[in-house]
Amino acid sequence: MNSSLPLRQPIRTHSPIPLQNHKSARFKLQPSRFVNSSNQNCSRTVSFSPSSIPIQPRFNGSVESRTVPSLRVRVSSNDAQFGSSNEDCEPKAPSFREFITSERIKVVSMLALALALCNADRVVMSVAIVPLSLAHGWSRSFSGVVQSSFLWGYLISPIAGGTLVDYYGGKVVMGWGVALWSLATFLTPWAADTSLWALLATRAMLGIAEGVALPCMNNMIARWFPQTERARAVGIAMAGFQFGNAIGLMLSPILMSKGGIFGPFVIFGLSGFLWVLVWLSAISSTPDRSSQISKYELEYILKKGWKSFPMENKPKTNRIIPPFRRLLSKMPTWSLIIANAMHSWGFFVILSWMPIYFNTIYHVDLKQAAWFSAVPWSVMGFMGYFGGMWSDMLIRSGISVTLTRKIMQSIGFFGPGIALIGLTTARNPFLASAWLTIAVGLKSFSHSGFLVNLQEIAPSYSGVLHGISNTAGTLAAIVGTVGAGFFVELVGSFRGFLLLTSLLYFLAALFYNIFSTGERVNFDETAP
């Protein structure tokens, strides 16, 4: 006899279950055979092998044994789960509407806004430096020194900031970071009127504070988003980072025309203070501490996300100094360092030199050159989100995390390398701008490669690991930006430097594909 019964009521230990064709009989389940489950959208059939089951009929107090050849019980996840199926029953993926209205979207939107302010505060000086140079009589080379003072601070803070992020969490450190860099931005007009050293100090302070931004972003996304959504979340956050360039460059001239040279510094500084108030009052460091999150979303993150990034309800008691020697002894770490260094090299070379490239090669005026070189950054923001969505889809379809990251990173490096070669062959500024847009757009796919990979190989040290790679990236940015000028003077051709950059893209992509992994790496000091 085969009996198949759908269970529609919650199963409790020792609760009786009726057998088909034995409506007047009942039997008892052994304790702990079934456990209560959360409300998940799945069900399974549990089969019992033929055995003797004690039956106690209602009309008689005696107990007799009857042999049942087989028993199949259909267990719905709305009622109960059998054995360890709580680990196997995957929650249903949220719809697009549920995703965009979720609490975690609010978190990543605030991160994107913070990164937009980060870049806007950074690039506003590139607009204000022209009238400041005229007012103070600075030479072009000294104006470059003033702008580079930002990198002095940015060079030293990512490692220390990443360590603090891993210890105190992204919410606290990001709040302090935005507050400090907004204060530095707000004080820039006063510093410029006071002395040159005060101006250099405030710009260095801006760099120190902004050094924690990307490690904090990585930490918060790792805590709030499952692995199958992290690339998309990074794409949203980095879109804010890219649009910050456009916001700063477009709004600064307007604000300067209305409020003088220092209008943008005051407005962007005050905007940062407002952001801090909203961040501290509306955002929680982890999902389990949020009072706004729905029960379904919390269960979804618990089920899908915390396996790779365990949440800690107890305060940390481990040492604050991370195992630097152990971190640097693993080749996956170096694959991320090389990738970040090459990413920053290409980013700052294109950002700093493309207007001059269009001016010298195609003889367009600097205003037109700025527009030709500005369009690609807007495209980069959209392409980064598309790359994140595609990356998450590949993982959900069953492709391994390691292969997915290598695919994204290959597109993000091989693509720009080929496009920059095409840029050197362009005969007019419109075709050159098209090649540049392709290069920068494909470059954004690396956000779903090495940038997400930081969270996966070292969840407990993602902040400091991001800080290490970011410091290497800053050094590469300085070398690339300064080296481009010397290369052009020595060789007499900027196209040659672009070809060199293409070659470095290819080599970095090969290195990443050989040594990277999407699996967690053991960085314990006691590990072999």
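**Close-up views of a predicted model**

Leu507 lies in helix H18. That helix comes back in the last view, so keep it in mind while we start with the whole chain. Everything here comes from a predicted model.

**View 1. The whole protein chain, with its helices and strands.** Have a look at the overall make-up: the protein chain has 18 helices and nine strands. There are 528 residues in the protein chain, and 53% of them count as buried. What about the contacts between residues at least 6 apart in sequence? Of those contacts, 80% join residues at least 24 apart. On the outside, the protein chain exposes about 23900 Å², and 65% of that comes from carbon and sulfur atoms.

**View 2. Where the predictor is confident, and where it isn't.** The protein chain has an average pLDDT of 78, with 75% of the residues scoring at least 70. Which element has the highest mean pLDDT, and which the lowest? Helix H14 (residues 401–425) is at the top with 94, while strand E4 (residues 34–35) is at the bottom with 36. Across residues 1–41 the pLDDT is below 50, though this stretch still has 90 contacts in the model beyond near neighbours in sequence. Residues 73–88 are another stretch to spot: their pLDDT stays under 50, and the model gives them 58 contacts beyond four places in sequence.

**View 3. Thr188 and its surroundings.** Now zoom in on Thr188, which sits in helix H5 (residues 170–194). Is Thr188 buried or exposed? Its relative accessible area is 2%, and anything under 20% counts as buried, so Thr188 is buried. Follow the side chain of Thr188 and you'll get to the backbone oxygen of Ala184, at 2.8 Å. Which residues does Thr188 touch once its neighbours within four places in sequence are left aside? They are Met125, Leu199, Thr202 and Phe265.

**View 4. A nonpolar patch on the surface.** Here's where Leu507 turns up again: together with Leu328, Met331, Trp334, Leu500, Leu503, Leu510, Ile514 and Phe515, Leu507 makes a nonpolar surface patch of about 780 Å². Which helices each supply at least two residues of the nonpolar patch? Helix H12 (331–362) and helix H18 (494–515) do. Helix H18 gives the largest share of the patch, with six residues.

Terms used: Residues are numbered from 1 along each chain as its sequence is written. Side-chain values use heavy atoms; hydrogens and water are left out. pLDDT is the predictor's confidence in each residue, from 0 to 100. Helices (H or I, at least four residues) and strands (E, at least two) are DSSP runs, numbered from the N terminus. Contact means heavy atoms within 4.5 Å. Buried means under 20% relative accessible area, exposed over 50%, partly exposed in between (1.4 Å probe, protein chains only). Accessible areas come from the Shrake-Rupley method with a 1.4 Å probe; for residues, only the protein chains shown count as cover. A polar contact is a pair of N or O atoms within 3.5 Å; within protein, one must be able to donate a hydrogen and the other to accept it, and residues adjacent in sequence count only if both atoms are side-chain atoms. Patches are made of residues with over 30% relative accessible area and no salt bridge: like charges are joined within 9 Å, nonpolar side chains (Val, Leu, Ile, Met, Phe, Trp, Tyr) within 5 Å. A salt bridge is a side-chain nitrogen of Lys or Arg within 4 Å of a carboxyl oxygen of Asp or Glu.
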